[in-house]
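User: Please take a close look at how the strands are arranged here, and how far I can trust that part. Then set it against the rest of the model.

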Amino acid sequence: MSESTVDEHGMTRRQLMRHTAWFGAAVVLTVAGGEVISHISSGPADAAAPDPFADPHALRFVQVSDSHIGFKGTANTAVEQSFTHAVNQVNALPFRPDFVMHTGDLTHLSTPAQFDQVKQMMSHLNTAQTLTVPGEHDSVDDAGQKYRAAFGAGTAGDGWYSFDLKGVHFLALVNTLSLEKLGHLGADQLEFIRKDVAKLSSDTPIVVFSHIPLFAMYPAWGWGTDDAVQALSYLRRFSSVTCLNGHVHQLFTKTEGNITFHSATTTAYPLPKPGAAPAPTPVTLPAGKLADALGIREVAYRPGNPGLAVKDVKLA
Amino acid sequence: MRKPRGIWEIAVVGLAAVALAACSPAQSSTAPSSMPGMDMPSSSQSAPDAPVATNTVSIKNFAFAPTTITVKVGTTVTWTNSDQDPHTVTSDGKSGPLNSKPLNQGDTYQYTFTQAGTFSYLCTIHPFMTATVTVTP
């Protein structure tokens with residue numbers, strides 16, 4: 001990726017922030033055809049507010065999801081190449097992310113070779129830390145053992161963990177191992193969440209990562225988590241909760257009270273919109289349209305602001 | 001590569017308006033009022049098919065068929081994957097007798113049920129694929 005491309009991205013980002021200001025709603029979906037897809041949920045619109053993505057003191061991280069390394073099919077005949085593009089796009093950002101979170105389905109079939117390959121590819125990310133949560137494709141035959149061997153260092157239970165960074169508390173959850181059609185957290189993890197947040201003051205911004213959505217996006221296809229209500233009950237007292245998930249291979253945003261959910265897109269292949277097909281199976285788009293469906297997500301938070309800025313960017 | 005700034009701004013405003021209009025029906029259609037928030041029962045969303053007395057299950061078009069079968073204790077059930085995509089036959093949750101490797105096209109998996117009961121299972125690769133075996137004494 002050339003230097004001029006980097007400059008261009010920087011320019012469009014600033015322009016985007018200006019253009020989103022006049023929408024003025026808490027959650028705004030802005031789609032610009034060629035280049036940028038964006039949600040901004042940074043609370044009260046303030047045209048004078050500086051761009052958090054340009055503030056070196058802000059928390060800035062990137063979410064990538066559903067790379068499905070090892071997938072073979074017409075929906076994307078080169079998922080490895082697409083994920084490499086995503087890594088390059090992260091590395092070309094005008095800021096170095098505090099971390100890059102991959103929200104699962106790193107691999108397609110959990111083979112040792114696929115885990116090796118995706119780990120190798122992620123090692124090229126220019127970031128302080130690379131984090132993951134597992135998808136169901138990362139545990140197809142071993143309840144996540146190979147996943148934890150590759151990515152589970154320092155985690156509790158079946159691979160969940162939490163951490164604090166620049167005033168934000170993060171939870172990284174595992175809801176793909178005890179599958180009962182819907183995602184499932186389980187009693188041990190629910191207890192972990194309850195204890196983990198008990199000590200926090202209610203004005204601490206909370207960000208929750210999971211592979212499967214924690215809201216009922218489309219239960220008939222398993223796009224929900226059967227015991228998420230219990231987990232979210234522990235988060236109701238916080239003024240700002242942002243849940244970021246993958247799994248559904250498409251952008252979707254929903255707000256319920258203090259909690260905003262953002263489903264991310266994929267770097268691999270699109271899935272149908274809920275109910276638009278007999279089953280959520282890979283969609284083969286017309287030639288040249290695939291890149292429009294793929295992307296990465298940038299997230300920023302400035303201390304003192306009520307919420308996070310969430311921006312979805314198409315794969316270049 | 002750098003585009004004139006003025007053209008880009010016009011493009012952003014125009015496309016944003018189009019996209020917002022295009023997005024609103026999709027948003028409402030994916031949040032039907034019959035799905036109240038996150039209050040989801042863990043039971044199946046659709047009525048199960050009538051049970052079929054058979055010891056073979058085909059995996060085709062991302063579904064187990066028949067969805068519900070009944071067998072007597074001691075019966076060996078065989079699953080065959082006809083799809084190009086791999087699938088598994090795996091008991092719900094963490095425990096349960098069914099635990100196949102990923103089945104490629106044409107692969108089969110067999111399990112002999114030695115205890116009566118109802119055994120629900122899914123494909124761990126595509127967990128929306130769910131089915132049940134009822135084993136009678």
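Analyst: Chain B of this predicted model has an average pLDDT of 74. In chain B, 64% of the residues reach a score of at least 70. The weak stretch is residues 1-46 of chain B, where pLDDT stays under 50. The model has 67 contacts beyond four places in sequence for that stretch. Treat those contacts with the low pLDDT in mind. For the model as a whole, ipTM is 0.72 and pTM is 0.80.

Now the strands of chain B. One open sheet holds 4 strands, in the order β3-β2-β5-β7 of chain B, and its pairing is mixed. The edges are β3 (64-65) and β7 of chain B. Each has a single partner strand, so one side of each lacks a neighbour in the sheet.

Follow β5(B) through this sheet. Strand β5 covers residues 76-81 of chain B, and strand β2 covers residues 56-59 of chain B. The two pair in the parallel sense, over 4 bridges. Strand β7, residues 108-112 of chain B, pairs with β5(B) in the antiparallel sense over 5 bridges. Strands of a sheet can pair either parallel or antiparallel, in each case through backbone hydrogen bonds.

Which residue in β5(B) is the bridge partner of B:Ser58? The partner is B:Thr80. B:Thr80 also stands opposite B:Thr108 in β7(B). Start at B:Thr80, then, and you can step to B:Ser58 or to B:Thr108. B:Thr78 gives another match, standing opposite B:Gln110 in β7(B). In a regular strand, side chains alternate between the two faces of the sheet.

There is also an open sheet of 5 strands in chain B. Its order is β1-β4-β9-β8-β6, again with mixed pairing. Here β1 (52-53) and β6 (90-91) of chain B stand at the edges. Each has a single partner strand, so one side of each is left without a neighbour in the sheet. The partner of β6(B) is easy to trace. Strand β8, residues 117-122 of chain B, runs antiparallel to β6(B), and 2 bridges join them. One of the residue matches is B:Thr90 with B:Leu122 in β8(B).

Chain A is the other part to set this against. Chain A has 316 residues, and 63% of them count as buried. It contains 7 helices and 13 strands. Take its contacts with a separation of 6 or more: residues 24 or more positions apart account for 71% of them. The accessible surface of chain A is about 10900 Å². Carbon and sulfur atoms own 54% of that surface.

Two helices of chain A show how burial is laid out. Begin with α3(A), residues 112-122. Its buried residues are A:Gln114, A:Phe115, A:Val118, A:Met121 and A:Met122. Viewed down the helix axis, the buried residues of α3(A) fall within an arc of 135 degrees, so they line one face. They pack against α2 (79-91), β4 (99-102), β5 (130-132) and α4 of chain A. The face turned away carries exposed A:Pro112, A:Ala113 and A:Asp116.

Helix α5 (residues 187-198) of chain A follows. Its 12 residues, at 1.5 Å a residue, should span 16 Å. The end C-alpha atoms are 17 Å apart, which agrees. Buried in α5(A) are A:Gln189, A:Leu190, A:Ile193, A:Asp196 and A:Val197. These fall within an arc of 130 degrees, so they line one face of α5(A). Their cover includes β6 (161-165), β7 (168-172) and α6 (228-233) of chain A. On the other side of α5(A), A:Ala187, A:Asp188, A:Lys195 and A:Ala198 are exposed.

Last, two single residues in chain A. A:Arg148 is in helix α4, residues 145-151. Its relative accessibility is 24%, so it counts as partly exposed. Leaving out residues up to four places away in sequence, A:Arg148 touches residues including A:Ala143, A:Asp158 and A:Leu177. A:Asp138 is 10 residues from A:Arg148 in sequence, and their C-alpha atoms are 9.5 Å apart.

Is A:Thr267 buried or exposed? It is buried, with a relative accessible area of 0%. A:Thr267 lies in the loop between β11 (259-263) and α7 (290-293) of chain A. Beyond four places in sequence, its contacts include A:Ser65, A:Asn76, A:Phe83 and A:Leu294.

Note on methods
Residues are numbered from 1 along each chain as its sequence is written. Chains are lettered from A and ligands numbered from 1 in the order in which they are written. This is a predicted model: local features need pLDDT of at least 70, side-chain atom pairs count only at pLDDT 80 or more; totals for chains, interfaces and linings use all residues. Side-chain values use heavy atoms; hydrogens and water are left out. The expected span of a helix is 1.5 Å times one less than its number of residues. Buried means under 20% relative accessible area, exposed over 50%, partly exposed in between (1.4 Å probe, protein chains only). The arc is that of the directions from the helix axis to the C-beta atoms. Contact means heavy atoms within 4.5 Å. Two strands pair if DSSP finds at least two bridges between them. Accessible areas come from the Shrake-Rupley method with a 1.4 Å probe; for residues, only the protein chains shown count as cover. pLDDT is the predictor's confidence in each residue, from 0 to 100.
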